[in-house]
Amino acid sequence: MSEGIGVTNLRLKYPGDDAPLLFQGVSFSIKPGEKVLLLGPSGCGKSTLLQVLSCIVPDIIEIPLKADEIRTPSRSGYVFQDPDTQFCMPYVDEEIAFVLENLQVPREKMPALIDYYLGLVGLQFEDTHTLIGQLSQGMKQRLAIATVLALEPEVLFLDEPTALLDEEGTEQVWDTIQAISAEKTLVIVEHKISGILEFIDRLIVMSPDGGLLVDGSPQGVFQAYKKEIADYGIWYPGVWDDNEMERVSGKVDASVIQNAKPVMTFRNFVGTRGGQIKTSVDNLSVYPGDWITVVGANGAGKSSLLLAIMRLIPTHGSCWIEGVKGSKVEQLAEQVGFVFQNPEFQFVTNSVEEELAYSLPEEAQDVQGAAIELLLREYDLLALRKRHPFQLSMGQKRRLSVASAMVRGPRILLLDEPTFGLDARGTLRMLDQLERLRASGTVIVMVTHDHEIVKRCATRVWQVEDGRVTEMPAAKLPAPAAHQRGGAPLLCK
C-alpha cells in the first residue's frame with residue numbers, strides 16, 4: 001500500500017431513474033498512515049464513498065460507477081453503522097474466533113487473543129460464549145470494532161463506530177483506535193467529532209450533492225469554511241452554542257397543565273428477557289409536557305425500559321397509561337408512538353410515503369394526503385418519497401422512523417436514540433419539532449447518550465443502573481435542565 005488509497009474522477013449513481021448522480025468527478029488521495037475524517041450532511045454519500053474505497057462497492061454491493069482510477073488497500077477492516085450487519089456467528093467468542101480462524105491462528109492461541117481484543121474495546125464477560133443477540137446495541141458496536149481489530153488491518157474504515165456508545169465507551173474506543181493506529185491509515189465517517197479532531201490529519205468535507213467542498217487541516221477548514229459548513233447542516237465545534245433559540249412558548253400551554261393528572265404511572269413495574277429482569281421501575285408518574293431523557297451506561301437497560309412500556313418484552317407489575325384499554329401492542333399504539341434504536345425494525349412497506357400512510361388509522365384516510373405531505377416536508381423527505389426505506393442513508397432512515405411514529409399524533413412518544421446518524425440540521429430540526437409537541441402536552445421519553453440534549457432539552461432525567469430506573473434529583477441535573485415540571489428547556493423551539 002506504498003502509494004496509498006484514493007479515487008480519480010469518480011462518478012456513481014444509485015439504481016432507479018430518479019436517483020441523483022453522486023460523486024460527479026470526485027478525486028482525492030490518502031497517504032499511508034494518514035488519519036482522515038469525512039464530514040457531510042446526511043445522505044450526501046459519505047458511507048458509500050467509504051464502501052468504494054474498501055471495495056465493498058462494487059465488488060459486493062453492485063452499484064453502477066465509473067472512475068479513471070480507484071486505489072484500494074490489500075488488508076483493511078470495515079466497521080459499519082449497524083453492527084448487526086457484520087456479525088457471522090451467534091456467540092461473542094465465536095465471532096472473533098471466526099476472524100482468527102480465517103487468519104490461520106492456531107486454536108490453542110485463540111482464547112487469549114479473544115480476551116485481548118475484547119479488552120481493547122472495554123468488553124468483559126464472565127463467559128465469552130455469550131449470545132450476541134443478548135447484548136445492547138452499544139455493546140454490539142464494541143464487539144464489531146474488536147473483530148475488525150483482530151484482522152490487524154493496514155487501513156481501518158470506520159462508519160460512525162461510536163454512534164451507539166455512551167460517553168465513557170466513546171472515549172475508550174477512540175483512545176484504543178488512536179493507540180493501535182500509529183502506523184495504520186484511518187478513514188472515518190463520524191458525526192460525533194469532539195473526541196477525534198485532535199488526532200485527525202485531514203478533514204474532507206462533502207457537499208449535499210456528493211461533491212467535495214474542501215480538503216485540508218481541521219483547524220483551517222473550520223476557520224475558512226464555517227459558514228458553508230453551517231449552511232449545509234454539518235456538525236462543527238460550537239454548533240450547539242451557535243444554535244441557541246428563543247422559545248415559541250416558555251411553558252406548556254396553561255390549558256394542558258391546569259389541574260394536570262398523570263398520563264402514565266409505574267408501580268413495581270418489571271420487564272424481563274430470557275427470564276432475567278432487564279428493567280424495573282418502582283414508583284414514578286409522568287405528566288403532560290414532560291420531556292424525560294433516559295440516561296445510563298451501555299447495557300444498563302434503557303432500551304429495555306421502552307420495550308417494556310410497549311409490552312414488546314414480558315412484564316410484571318403496573319404501567320398504567322391514560323386512555324389505553326388493555327395491554328396489547330396494538331392497543332398501546334393508539335396512544336403511544338415508538339421509535340426503535342434501529343429504524344429498519346419498523347419499516348414494512350416499499351416506499352417512504354407508503355410507510356407514512358401505513359401508520360395512519362383507517363378513519364384518517366380522508367386526510368391522508370395532507371398529513372403525509374406535511375410530514376414529508378417537516379422531516380425533509382419530499383425528494384425521497386418514492387425511495388425504498390432500505391435505500392435511505394442512516395440519517396434519512398432515522399427521520400422516516402420518527403415521522404412514521406408521529407402520524408397518529410400520539411400522546412406519548414418513546415424514542416430510542418432518535419438523533420443517531422443525524423447531521424446537525426437534522427438533529428436541531430427534530431428537537432424543534434419535538435419541543436412543539438411537548439409544548440402542546442405530548443410526553444417525550446427519549447433514550448440518549450447526547451449530553452447536550454440532556455442539558456438543553458430535558459425537563460426530567462431518569463437514570464438507569466443495572467436495569468433499575470430512578471429519577472435524578474433536580475439539584476443534580478446538568479444546567480440548564482433543572483426545570484420545574486412543565487417548564488421549558490432552553491434549546492428547542
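Buried residues have under 20% relative accessible area and exposed residues over 50%, with partly exposed in between. The model shown in these views is predicted.

**View 1. Tyr-116 and Tyr-117, an edge-to-face ring pair, and the pairing of Tyr-78 with Phe-80.** The count of aromatic pairs in the model comes to 10. One of them joins Tyr-78 and Phe-80, whose ring centres lie 4.5 Å from each other and whose planes make an angle of 45°, an arrangement classed as tilted. Tyr-78 has a relative accessibility of 9% and is therefore buried, whereas Phe-80, with a relative accessible area of 23%, is partly exposed. In the pair formed by Tyr-116 and Tyr-117, the ring centres are 5.0 Å apart and the planes stand at 65°, so this pair is edge-to-face; planes over 60 degrees apart fall in that class. Tyr-116, at 44% relative accessibility, counts as partly exposed because this value lies between the cut-offs of 20% and 50%, while Tyr-117, with a relative accessible area of 6%, is buried. Returning to Tyr-78 and Phe-80, these two residues belong with Phe-157 to a cluster that is linked by ring pairs.

**View 2. Packing of helix α4 against helix α5.** Helix α4, made up of residues 110-120, packs on helix α5, made up of residues 137-149, with an angle of about 125° and a distance of 8 Å between the two axes. Because of this angle, α4 is oblique to α5, and the crossing of the two helices is right-handed. From α4, the residues Tyr-117, Leu-118 and Leu-120 make the contact, and from α5 they are met by Leu-143, Ala-146 and Leu-149. Sorted by class, the contact of α4 with α5 consists of 6 nonpolar residues, with no polar and no charged residues. Tyr-117, which contributes to this contact, is also the buried residue of the edge-to-face pair with Tyr-116.

**View 3. Helices α15 and α16 in a left-handed crossing.** The axis of helix α15 (residues 394-406) and that of helix α16 (residues 424-439) come within 12 Å of each other, and they cross at roughly 15°. The two helices are therefore roughly parallel, since angles under 35 degrees are placed in that class. The crossing in which α15 passes α16 is left-handed. Arg-398, Arg-399, Val-402 and Met-406 of α15 make the contact together with Met-430, Leu-434 and Leu-437 of α16. By class, 5 of the residues in the contact of α15 with α16 are nonpolar and 2 are charged, and there are no polar residues.

**View 4. Asn-342 and the residues that it touches.** Asn-342 is located in the loop that runs between β15 (336-339) and α13 (352-358). With a relative accessibility of 6%, Asn-342 counts as buried. When residues up to four places away in sequence are not counted, Asn-342 touches Asp-82 and Arg-398. Arg-398 of α15 also takes part in the contact between α15 and α16.

**View 5. Surroundings of Ile-292 in strand β13.** Ile-292 lies in strand β13, which covers residues 291-295, and its relative accessible area of 0% means that it is buried. Leaving aside neighbours within four places in sequence, the residues in contact with Ile-292 are Val-286, Ile-444, Val-445, Met-446, Arg-460 and Trp-462. Val-92 stands 200 residues from Ile-292 along the chain, and the C-alpha atoms of these two residues are separated by 33 Å.

**View 6. Backbone details at Asn-9, Val-57, Pro-58 and Gln-104.** The peptide bond that joins Val-57 and Pro-58 is cis, with omega at about 5°, and Pro-58 has its place in helix α2, residues 56-59. Asn-9, although it is not a glycine, has a positive phi of about 55°. Asn-9 belongs to strand β1 (residues 5-13) and is partly exposed, with a relative accessible area of 26%. Gln-104, which is likewise a residue other than glycine, has a positive phi near 60°. Gln-104 is found in the loop between α3 (92-102) and α4, and, at 71% relative accessibility, Gln-104 counts as exposed.

Terms used: Residues are numbered from 1 along each chain as its sequence is written. This is a predicted model: local features need pLDDT of at least 70, side-chain atom pairs count only at pLDDT 80 or more; totals for chains, interfaces and linings use all residues. Side-chain values use heavy atoms; hydrogens and water are left out. Axes are lines fitted to C-alpha atoms, for helices over the stretch in contact, and angles run from 0 to 180 degrees between N-to-C directions. Helices (H or I, at least four residues) and strands (E, at least two) are DSSP runs, numbered from the N terminus. Angles under 35 degrees count as roughly parallel, over 145 as roughly antiparallel, 65 to 115 as roughly perpendicular and the rest as oblique. A crossing is left-handed if the near helix is turned anticlockwise from the far one by less than a right angle, and right-handed if clockwise. Contact means heavy atoms within 4.5 Å. Ala, Val, Leu, Ile, Met, Phe, Trp, Tyr, Cys and Pro count as nonpolar, Asp, Glu, Lys and Arg as charged, and the others, Gly among them, as polar. Rings of Phe, Tyr and Trp (its six-membered ring) pair if their centres lie within 6.5 Å; planes under 30 degrees apart count as stacked, over 60 as edge-to-face and the rest as tilted. Buried means under 20% relative accessible area, exposed over 50%, partly exposed in between (1.4 Å probe, protein chains only).
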